[in-house]
Amino acid sequence: MTMKKYVFGIDVGGTTIKCGLFQTDGTLLEKWEIPTRTEHDGDQILPDVAKTVLDKISEKGIAKEEVAGVGIDVPGPVNEKGEIAVAVNLNWGYKDIVGELGSAMGGIPVQAANDANAAALGEMWGGGGRGAKNLIMVTLGTGVGGGIIIDGKIVAGAHGAGGEIGHACVDPEEPEACNCGNHGCLEQMASATGIVRLAKRYLSTYKEKTVLNPERISAKSVYDALKAGDEAASAIVEQVSDYLGNALAIFSCVVDPEIIVIGGGVSKAGQILIDGIKKYYQKYAFISCKDTPIVLAELGNDAGIYGAAKLALDGEVSVLI
């Protein structure tokens, strides 16, 4: 029997597809990107993935029998069969990801998952959650993504929506609607765009001196102003931290994680972000969960390819439904 030496991790985004070739021990050998062709209902995305993987196998002189599998993550809820009902960013409706990509891979096993879930698995395998088996990850970017790992396995749920932390309601009185149609989602309050929205709302009635300019504001500028001692920035971040700490406390008393990992673009603010979240997490958390470590993610944009590769290594047993 040929020894399985290699595994591929594929992270499909709306603009680019990130690809990684790994050894089965988790060593990243090479990473590269190809464009995401979303035209014509994204019908070339999976064929492009198959081609780039097969080309890399040929280029490296790897035998197919040496490949443990290909893991792929996509932006949308993926069920236990590797199917997705819709992926707006890819112009997909229903897609049998595992079936279609598997057919093109010539016998190499394929596994699929949601991108945020894969990022959580990646951080568990080779990042900020290394060594843990029970983990919550939150990604704070344009939106708020999330992933939950229990006993080393992704929690996907019955509809592939497990870990959708960004759509937990943290403010039912919020008048504006979230992109999902509900009101008061964490994504509205703690994503990069949510922080800007809260900042503009706060500054519209703020009369004191501040370095923040409502016309040129970003999540980064808010945290930079906080580091410089700006009082308005401090008030805005307190509100954001309250929402995040409260949401994580609620999830923790259900999941009881060993560690909570914070990633995404907003996490570049660093320890000052973590300190704010911890303050409110410890205020709201159940007594047994109050000391759960909250740490920064370590893999950055590579978390998806790491998680997808780990998904392929684990096979069908890596997802809880």
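**Exercise 1. How far does helix H9 (residues 271-284) reach from its first C-alpha to its last, and what reach is expected at 1.5 Å a residue?**

Before the solution, some ground rules: this is a predicted model, where local features need pLDDT of at least 70, side-chain atom pairs count only at pLDDT 80 or more, and totals for chains, interfaces and linings use all residues. Residues are numbered from 1 along each chain as its sequence is written, and side-chain values use heavy atoms, with hydrogens and water left out.

*Step 1.* Get the terms straight. Helices (H or I, at least four residues) and strands (E, at least two) are DSSP runs, numbered from the N terminus. The expected span of a helix is 1.5 Å times one less than its number of residues.

*Step 2.* Apply that to H9. With 14 residues, H9 reaches 20 Å, close to the expected 20 Å.

**Exercise 2. Work out which residues of H9 are buried, how they are arranged, and what they pack against.**

*Step 1.* Buried means under 20% relative accessible area, exposed is over 50%, and partly exposed is in between (1.4 Å probe, protein chains only). By that cut-off, H9 buries Leu273, Ile274, Gly276, Ile277, Tyr280 and Tyr281.

*Step 2.* Look down the axis. The buried residues of H9 fall within an arc of 160 degrees, so they line one face of the helix. The arc is that of the directions from the helix axis to the C-beta atoms. As background, an α-helix has 3.6 residues a turn, so residues three or four places apart point the same way.

*Step 3.* Find the partners. Contact means heavy atoms within 4.5 Å. The buried residues of H9 pack against strand E8 (135-140), H7, H8, strand E11 (259-263) and strand E12 (294-296).

**Exercise 3. Do the length check for helix H10 (residues 303-314), then find how many of its residues are buried.**

*Step 1.* The 12 residues of H10 should span 16 Å at 1.5 Å a residue, and its end C-alpha atoms are indeed 16 Å apart.

*Step 2.* H10 is mostly covered, with 10 of its 12 residues buried. Among them are Tyr306, Lys310 and Leu311.

*Step 3.* Check what comes next: just after H10, Gly315 takes a positive phi of about 70 degrees.

**Exercise 4. Describe how helix H6 (residues 192-203) and helix H7 (residues 219-227) meet.**

*Step 1.* Geometry: the two axes come within 8 Å and cross at roughly 65 degrees. Axes here are lines fitted to C-alpha atoms, for helices over the stretch in contact, and angles run from 0 to 180 degrees between N-to-C directions.

*Step 2.* Residues: H6 brings Ala192, Ile195, Val196 and Ala199, while H7 brings Ala219, Val222 and Tyr223.

*Step 3.* Chemistry: the contact has seven nonpolar, no polar and no charged residues. For the classes, Ala, Val, Leu, Ile, Met, Phe, Trp, Tyr, Cys and Pro count as nonpolar, Asp, Glu, Lys and Arg as charged, and the others, Gly among them, as polar.

**Exercise 5. How many disulfides does the structure hold? Check Cys180 and Cys253.**

*Step 1.* A disulfide is a pair of cysteine sulfur atoms within 2.5 Å. The structure holds zero.

*Step 2.* For Cys180, the closest cysteine sulfur is in Cys185 at 3.7 Å, too far for a bond. Cys180 is partly exposed at 40%.

*Step 3.* For Cys253, the closest cysteine sulfur is in Cys289 at 6.7 Å, again too far for a bond. Cys253 is partly exposed at 48%.

**Exercise 6. Is Ser252 buried or exposed, and what does it touch?**

*Step 1.* Ser252 lies in helix H8 (residues 231-255) and is buried, with a relative accessible area of 0%.

*Step 2.* Skipping residues up to four places away in sequence, Ser252 touches Ile136, Pro257, Ile260, Tyr281 and Cys289. Tyr281 should ring a bell from Exercise 2, as one of the buried residues of H9.

**Exercise 7. Look at the backbone of Asp151 and Asp256: what is phi in each?**

*Step 1.* Most residues other than glycine have a negative phi, and most peptide bonds are trans.

*Step 2.* Asp151, in the loop between strand E9 (144-150) and E10, has a positive phi near 50 degrees.

*Step 3.* Asp256 has a positive phi of about 50 degrees although it is not a glycine. Asp256 sits in the loop between H8 and E11 and is partly exposed at 46%.
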